[in-house]
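Here's a quick tour for anyone meeting this structure for the first time. Have a look around before reading on.

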Amino acid sequence: GIEASHADLNLLDPGNSPEWGVVWQAGEKIQSATFDAQGQVKNGGVAEAVNVTGNRQISPSIAFDGQNYLAVWVDYRNHETTGADIYGARFEAKTGNQLDPNGIAICTAAGDQENPKVAFGPSGFYVVWDDERDGDGLDDIYGTTVSVLGVAANAQGIQISNANRPQITPSIGFDGSNFVVVWEEWFDASAEAAPFQIAARQIDS
């Protein structure tokens with residue numbers, strides 16, 4: 001069978017019968033499904049995010065806007081020209097229908113963009129990732145908003161942190177007022193036991 005990995009989930013309905021949207025990497029494709037409180041798959045089963053021939057898709061993340069959920073991932077369809085990019089697609093929570101058959105280009109800047117995470121707030125979805133566009137081997141943290149209609153505000157992304165040291169594997173959450181982004185940052189290369197620490201930044205919603 002195909003190996004499944006890199007799963008993420010988000011609560012779609014917090015009522016008496018909660019439902020969960022789940023995304024995961026199946027081989028080198030992204031799949032999603034809605035599960036009920038008993039762990040049963042709903043809406044006709046598992047859906048594939050975007051079926052692009054020969055296209056590698058990895059490392060998904062998911063967030064819910066109250067009606068649809070957005071899955072984001074690392075996408076290699078343009079790897080020979082722009083490197084690894086960030087793409088996404090929206091799914092109807094009630095039906096599981098995929099709303100963006102070819103995916104949404106969230107960031108297609110030169111160099112590799114990897115490890116995306118997504119959260120939802122009043123301004124829409126906010127997607128963050130680590131970014132190698134500078135070509136100096138020191139990843140920076142970038143992000144951009146994606147509207148509930150599936151439109152990325154800035155296809156090049158907005159720089160969140162560009163310290164002169166590696167910054168990788170961001171995550172993001174919403175506190176009711178603002179987004180908070182956290183990531184691993186190599187503060188002290190001489191500290192062999194624990195060179196990485198955790199950095200954070202607040203982003204207005």
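## Charges over rings

A charge counts as sitting over a ring if NZ of Lys or CZ of Arg is within 6 Å of the ring centre and within 35 degrees of the ring normal. Keep in mind that what you're looking at is a predicted model.

With that in hand, go to Arg 77: its charged end sits over the ring of Tyr 87, 4.0 Å from the ring's centre. Another spot to visit is Tyr 142, where Arg 133 lies over the face of the ring at 3.8 Å from the ring centre.

## A stacked pair

Now for rings meeting rings. Search the whole structure and five aromatic pairs turn up. One of them is Tyr 69 with Phe 91: the ring centres are 5.3 Å apart and the planes sit at 15°, under the 30 degrees that counts as stacked, so this pair is stacked.

Where do these two come from? Tyr 69 belongs to strand E6 (residues 68-75) and Phe 91 to strand E7 (residues 85-92), so the pair ties together parts that are 22 residues apart in sequence. Tyr 69 has a relative accessible area of 1%, so it's buried, and Phe 91, at 0%, counts as buried too.

## A tilted pair and its cluster

Phe 174 and Phe 179 make an aromatic pair as well, with 5.2 Å from centre to centre and 55° between the planes, which makes it tilted. Add Tyr 126 and you have one aromatic cluster made of Tyr 126, Phe 174 and Phe 179.

Are the two Phe residues of that tilted pair buried or exposed? Phe 174 is partly exposed, with a relative accessible area of 30%. Phe 179 is buried, at 0%.

## The three-stranded sheet

Phe 174 falls within strand E13 (167-174), and Phe 179 falls within strand E14 (residues 178-186). These strands are part of an open sheet of three, in the order E13-E14-E15, with antiparallel pairing. At the edges are E13 and E15 (196-204), each pairing on one side only. On average, neighbouring strands of this sheet are turned by 20° against each other, ignoring direction.

In general, strands of a sheet pair through backbone hydrogen bonds, either parallel or antiparallel. Here, nine bridges join E14 to E15, and the two run antiparallel. Phe 179 takes part in this pairing: its bridge partner in E15 is Ile 203. So Phe 179 turns up twice on this tour, once in the aromatic cluster and once in the sheet, and it is buried, with a relative accessible area of 0%.

Definitions and conventions. Residues numbered from 1 in each chain as written. Predicted model: local features only at pLDDT ≥ 70, side-chain atom pairs only at ≥ 80, totals over all residues. Heavy atoms only, no water. Pairing = 2+ DSSP bridges. Helix = DSSP H or I, 4+ residues; strand = E, 2+ residues; numbered from the N terminus. Axes fitted to C-alpha atoms, helices over the stretch in contact; angles between N-to-C directions. Phe/Tyr/Trp six-rings, centres within 6.5 Å; stacked < 30°, edge-to-face > 60°. Buried < 20%, exposed > 50% of the residue type's maximum accessible area, 1.4 Å probe, protein only.
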